[in-house]
Amino acid sequence: MIGYAFMGRVHSQAWRSVGAFFDLPLAPRMAVIAGRSKEQTEAAAAQLGWADVETDWRELIKRDDVQIVDICTPGDSHADIAIAALQAGKHVICEKPLANTVAEAEAMVRAAAAAPGKSMVAFNYRRVPAIALARRYVEEGRIGEIRHVRAAYLQDWIVDPEFPLVWRLQKDKAGSGALGDIGAHIVDAAQFITGENVVGVSALTETFIKERPLAAESAGLGASRAESTGQVTVDDAALFIGRLSGGGLASFEATRFAYGRKNAMRIEIFGSRGSLAFDFEAMNELWFSSGGGGFERILVTEPDHPYVGAWWPPGHGLGYEHTFTHEIKDFLEAVATGADPSPSFADGLRVQRVLEAVEQSAADGSRYTNVED
Ligand code: SOE
């Protein structure tokens, strides 16, 4: 694993627990974790359960005891690490969004196609049981043809103008702001559940707070007031409408400025025969309308619901971390059986192209912009 912050911690939890709940065709061993600071990486390894540490990811990739590389770093290093790992014959799982640019994502797709290893982009929300169940309902034709998708991802962690300029607010590190961080999730979820693509968009983006205090680690002792702030170089919010490949219409809202909404990843799908609705803040529920008569609440905790049978008795519920455990389980099965894991790097590139079209449209007065194929 490379990186030990939020994503490194949650992926580690998944690697630690997956074998205790699922019958796996192979047993993962948590060999080595890489980070730049030796001290902090050693502390992370001890806490998270990794046997060894490296302070340079290139050394990790060279090791014979590493067959799978899990990339949990900011987007600016995804392409370099993934391509090097694939070329070294490793299997790769990479955090989302796949890369910071379409060009990087294309290079990753080419490297994946040329390499023997398996590769997967970690859109974990596909592995929320209720979202996997929603896809099953669409595949079974229960809601008919898709007319509308209404998706929103609402958070509030940077509403305070004094919140520091962390890497997620810097374009050179994160690629984009709310758009790539959380907008990418709802684009992927919409495409996953409906089985259709977003083919064109019209967008607005905004950065409400343009300057913020530097994060502690970059604020330098004795910095004057003027020197202790920096420019926010990404969007705070991105709103866009789009067309789906099946002829339906979609709307997307991604914002970190929605006070009271912590991780409200919401999606509603309206079809010719029925509708589905989901909110991550109540992630064990899926709402289904079979046409007329309003919505029925499905408690997605039954053993025949996706992934649920491996866990607790009905009604006991799952949480955020389980989505990563499910992701690692599916990835390991693909590695063991030789199947192609999903979402692939090509799926990640497809999302990246939507993000790019959103940025182009927003820069171009919201002009309708086709998503490249
Ligand atoms: C931060 O906005 C973040 O952690 C995202 O990066 C994740 O992908 C999402 O799951 C929760 O919010």
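Helices and strands here are DSSP runs, counted off from the N terminus, with at least four residues for a helix and at least two for a strand. With that in hand, take residues 1-122: this span is 46% helix and 16% strand, and its end C-alpha atoms lie 13 Å apart. Keep in mind that you're looking at a predicted model. Further along the chain, nine strands come together in an open sheet.

**The start of the chain**

- UniProt, in an unreviewed entry, lists residues 1-122 as "domain: Gfo/Idh/MocA-like oxidoreductase N-terminal".
- Strand β3 covers residues 68-71, and its side chains split two ways: I68 and D70 point one way, while V69 and I71 point the other.
- That fits a general pattern, since side chains in a regular strand alternate between the two faces of the sheet.
- Whichever way they point, I68, V69, D70 and I71 are all buried.
- β3 runs parallel to strand β4 (residues 91-95), and four bridges join the two.
- Across that pairing, I71 of β3 sits opposite C94 in β4.

**The nine-stranded sheet**

- Reading across the open sheet, the order goes β15-β14-β13-β12-β6-β11-β10-β7-β16, with mixed pairing.
- β15 (296-299) and β16 (369-370) are the edge strands; each has a single partner, so one side of each is left without a neighbour in the sheet.
- Inside the sheet, β6 (residues 146-154) and β12 (residues 264-271) run antiparallel and are joined by eight bridges.
- A152 has R266 of β12 standing opposite.
- Helix α8, made of residues 178-194, lies across β6, β7 (198-206), β10 (237-244), β11 (249-255) and β12.
- The direction of α8 is at about 150 degrees to β6.

**Around the ligand**

- Which residues surround the ligand? They are F6, Q155, D181, I182 and N263.
- By type, that shell divides into two nonpolar residues, two polar ones and one charged one.

**A closer look at E281**

- You'll find E281 in the loop between β13 (275-279) and β14 (285-289).
- Is E281 buried or exposed? It counts as exposed, because it has 12 C-beta neighbours inside 10 Å, and a residue with 12 or fewer falls in that class.
- Setting aside neighbours within four places in sequence, E281 is in contact with K262, N263 and A264.
- One of those contacts, N263, also belongs to the set of residues surrounding the ligand.
- For a sense of distance, E281 and A334 are 53 residues apart in sequence and 30 Å apart in space, C-alpha to C-alpha.

Methods:
Residues numbered from 1 in each chain as written. Predicted model: local features only at pLDDT ≥ 70, side-chain atom pairs only at ≥ 80, totals over all residues. Pairing = 2+ DSSP bridges. Contact = placed C-beta atoms within 7 Å. Axes fitted to C-alpha atoms, helices over the stretch in contact; angles between N-to-C directions. Near = placed C-beta within 6 Å. Nonpolar A, V, L, I, M, F, W, Y, C, P; charged D, E, K, R; others polar. Buried ≥ 20, exposed ≤ 12 C-beta atoms within 10 Å, placed from the backbone. UniProt positions renumbered as here; feature names shortened; annotations may be inferred.
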